[in-house]
Amino acid sequence: MRWLIITITSILALIANAQDYSKMSRYVRQMVMEHNITSAAEAKGSYPTPLQQQDATLVFVKTLDDDAVKDYSVAHQGNVHICHVPVSELGKLSEDERIIRIEAQPNTAEADLDSVASCVGIKPVWKEDGNGNAIESLLPQAYDGNGTVVGVVDIGIEYTHPTFRSIDDGHIRLVRAWDILDIPDGATYNGKAQFPLGTLLSDTTAIIQQQRTTDSPTQTHGTHTMGIAAGSGWDTPYRGMAYNADIYAVGGLVGANGIYLPENIQQINTSTINALAFQRIFEYADTVGKPAVVSYSISGIQDMTDEDALMNEYLNGLTQKPGHIIVASVGNNGTRRRYMPKSEATDTVGGLVSSSYKTFVLNISTKKTLTLRVTDYNTNQYKDITLDFKPGNTKSRSQSGLKWNDYKTYSNIAELDSLSIGVYSADNGFDPESVGYDIFLNQEVKSFSKVKYGVEVIGSGVTADVFCQNGELINGTQYSPTLTGAEVGGNIGSPGALPAVIGVGMTAYWELGNGKRWYGSSMGPSLHGFIKPDITAPGYRVASAQNSLYYSKNSSVYGSCAWSNYNSERYPWARLNGTSMSTPCVAGIIALWLEANPMLTQEDIMDVFANTSRHPEELLEYPNNQYGYGEIDAYKGLLYILGIDHVEGLQTEHLSGGATVRPVEGGIKIKTEGETTLPCRIYSTSGQLLMSLAVNGEKKIDMPSGIYAVQVGHKGSTLVRVR
């Protein structure tokens with residue numbers, strides 16, 4: 001949390017006035033300030049260089065002229081660049097009139113895994129036997145991801161697990177493997193290279209020889225998520241969604257695996273390097289003429305003012321092209337009260353601070369003047385701070401003394417047991433008609449679990465949206481009747497919270513809710529008022545591949561549900577929960593949709609969600625901040641994309657019992673259960689009825705190569721590909 005509790009006042013005295021800090025996000029400003037302090041101290045011979053100080057970093061830069069960053073640019077989308085910039089030159093770059101904005105985020109990203117291990121299977125994806133074991137896929141027969149690229153940016157990926165091989169001929173389906181953490185001793189990174197950090201493997205033999213990502217001794221998350229998105233299942237029933245897709249694996253960067261970075265590469269941040277990974281996946285897919293979907297089961301904190309606007313713009317540029325889709329988890333903070341709406345009719349809303357950290361963050365968006373009140377309920381003393389900037393502000397300071405695009409600090413407040421408060425004021429990053437405030441409550445001595453603080457937002461006839469991070473706002477009626485304003489919600493992680501990305505929440509089956517939202521799945525709204533998540537999918541009790549190296553050290557934690565054998569090696573399968581598991585489920589299903597129509601855009605995907613998703617709670621309006629458009633339906637989505645979802649006589653429910661339909665050489669085999677004769681109809685993908693027949697038992701129908709929709713009685717329909 002060092003970036004949150006930096007002492008702004010002492011730093012500002014050391015900064016040269018020429019540097020334009022209004023162009024920098026907070027994190028970039030922090031890097032420049034620390035560099036200036038260190039340089040000034042070193043000049044006097046009185047200050048050691050911090051171990052984490054480095055020569056350069058990756059940042060997003062928005063510019064009026066690409067020539068302004070020609071010496072730094074690694075990649076770009078429009079006029080937003082990912083740039084490799086020496087920290088010593090960030091201040092100078094900000095002085096250039098052609099530079100609009102410089103942003104980067106701190107490394108807050110983490111894998112969205114709730115590691116409670118339980119039973120097996122994703123109910124809507126696999127059939128089960130009487131013991132709850134998966135026995136047969138419910139996915140359509142006609143689509144398997146062939147002709148698509150599934151990119152997975154994650155941690156702890158084992159390339160050699162046999163689920164990443166084809167069940168047809170055994171070939172490895174990984175076409176690229178970029179391990180960002182695979183850095184030779186003493187190396188830095190080459191900021192002008194296409195892959196500025198780590199090692200890219202583009203040869204299958206090299207990928208197999210490498211075996212796994214650098215962080216595999218302590219991580220397994222990526223093996224599991226990649227198996228859900230695109231695993232073949234190998235010799236188990238646990239087949240992934242797009243089990244015949246090409247796979248581009250990226251061993252990404254999160255806070256937890258940063259320990260593998262050398263000391264001279266400590267300021268690389270997740271937002272820029274992982275965005276670059278998304279771009280490289282899409283570039284590869286374009287070179288081979290295939291659509292691609294990226295699965296990213298990782299999230300960090302959102303930002304109200306200025307940390308992630310350029311990231312959204314960059315990712316939006318990546319996804320404007322058809323066949324470029326990014327899917328990210330929204331996180332597992334669904335029980336947290338992190339949203340506090342204030343209406344005109346309510347003069348005061350508030351909550352009691354609950355956090356195990358020494359820093360607590362509030363984000364406030366409003367159009368009018370408000371008062372922030374922080375009360376120490378151990379002493380019943382309080383401090384009022386006036387928030388009085390207006391939208392469209394052009395002043396460097398407000399009447400109350402707040403600074404625009406900068407911090408105002410209130411240090412060691414006596415009334416609040418020496419609490420310090422920092423207020424950062426700027427435009428709301430996505431709403432120019434509102435002012436955004438990032439407010440940092442810093443308790444240097446004790447955590448907020450030891451001292452009872454309440455926060456209130458006060459203003460007659462004023463609307464505002466208040467969010468919190470690093471904890472939550474809980475009911476504090478035992479201290480004051482005004483501390484009841486916080487709601488469960490507002491706890492979405494980034495980048496799943498951004499409009500450029502499809503954010504995925506989680507549903508659960510069995511005893512956890514019969515297909516309803518899992519209580520831990522994060523809920524919107526986002527800090528900027530967007531409905532999130534966009535879609536949900538099953539993510540509880542999901543069996544998938546496990547990193548064997550990690551598993552050998554942690555088998556007692558997870559347990560296995562199956563083992564696979566390949567080349568005299570044993571590979572485990574395990575059960576995990578979380579939006580981390582829902583996300584690759586959605587990504588893999590989207591790969592099936594892209595196989596059916598490679599020209600789908602993110603807007604098209606949202607349209608499919610809106611028209612085909614299951615509504616777990618019918619009394620709710622959709623989209624909403626619990627489910628988005630609802631729970632994804634792979635089969636209905638395919639029928640909708642093919643344009644045959646309204647064909648008379650063709651049910652949109654997938655065939656799930658009473659009969660089986662399978663492709664065989666030269667045709668289709670239909671098998672009914674029992675002695676009942678069932679009427680069957682076969683349609684073309686244009687909706688034309690090609691054949692009607694009655695089936696009792698087993699019947700093969702000769703058909704030319706193609707894709708067909710088969711309706712069996714009133715049992716449902718399925719899509720079949722005859723090769």
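This passage describes selected strands, aromatic contacts, cysteines and one loop residue of a predicted model.

The pairing of strand β9, which spans residues 174–179, was examined on both of its recorded partners. With strand β11 (residues 246–251), β9 pairs in the parallel sense over five bridges, whereas with strand β10 (residues 199–201) the pairing of β9 is antiparallel and extends over three bridges. Ala-177 takes part in both arrangements, since its bridge partner in β11 is Ala-249 and its bridge partner in β10 is Leu-201. Five of the six residues of β9 are buried, and the strand is therefore largely enclosed by the rest of the structure.

A second set of strands forms an open sheet, in which three strands follow the order β29-β31-β30 with antiparallel pairing. The edge positions are held by β29 (542–545) and β30 (562–566), each of which pairs on one side only, and the twist from one strand to the next averages 30 degrees. Between β29 and strand β31 (residues 569–576), which run antiparallel, there are four bridges, and within this pairing Ser-544 stands opposite Ala-574 of β31. Helix α5, comprising residues 221–230, lies across β29 and β31 and runs at about 105 degrees to β29.

Aromatic side chains contribute 17 pairs to the structure. One of them joins Tyr-622 and Tyr-627, whose ring centres are 6.1 Å apart and whose planes meet at 45 degrees; because this angle lies neither under 30 degrees nor over 60, the pair is classed as tilted. Both partners fall under the 20% limit for burial, so Tyr-622, with a relative accessibility of 19%, counts as buried, and Tyr-627, at 0%, likewise counts as buried. Elsewhere, Phe-360, Phe-448 and Tyr-453 come together in one aromatic cluster.

Aromatic rings also lie beneath charged groups. Arg-373 is placed over the face of Tyr-382, at 4.2 Å from the ring centre, while the charged end of Arg-721 sits over the ring of Tyr-143, at 5.3 Å from the centre of that ring.

With respect to cysteines, a search of the whole structure finds zero disulfides. A disulfide is a covalent bond between the sulfur atoms of two cysteines. Among the cysteines, Cys-83 has a relative accessible area of 0% and is buried, and Cys-561, with a relative accessible area of 18%, is also buried because this value is under the 20% limit.

Finally, the surroundings of Asp-347 were considered. Asp-347 is located in the loop between β15 (339–342) and β16 (348–354), and with a relative accessible area of 42% it is partly exposed, because this value lies between the limits of 20% for buried and 50% for exposed residues. When residues up to four places away in sequence are not counted, Asp-347 touches Lys-342, together with Val-457, Ile-458, Gly-459, Ser-460 and Gly-461. One of these contacts, Val-457, is 110 residues from Asp-347 in sequence, although the C-alpha atoms of the two residues are 8.3 Å apart in space.

Methods: Residues are numbered from 1 along each chain as its sequence is written. This is a predicted model: local features need pLDDT of at least 70, side-chain atom pairs count only at pLDDT 80 or more; totals for chains, interfaces and linings use all residues. Side-chain values use heavy atoms; hydrogens and water are left out. Helices (H or I, at least four residues) and strands (E, at least two) are DSSP runs, numbered from the N terminus. Buried means under 20% relative accessible area, exposed over 50%, partly exposed in between (1.4 Å probe, protein chains only). Contact means heavy atoms within 4.5 Å. Two strands pair if DSSP finds at least two bridges between them. Rings of Phe, Tyr and Trp (its six-membered ring) pair if their centres lie within 6.5 Å; planes under 30 degrees apart count as stacked, over 60 as edge-to-face and the rest as tilted. A charge sits over a ring if NZ of Lys or CZ of Arg is within 6 Å of the ring centre and within 35 degrees of the ring normal. A disulfide is a pair of cysteine sulfur atoms within 2.5 Å. Axes are lines fitted to C-alpha atoms, for helices over the stretch in contact, and angles run from 0 to 180 degrees between N-to-C directions.
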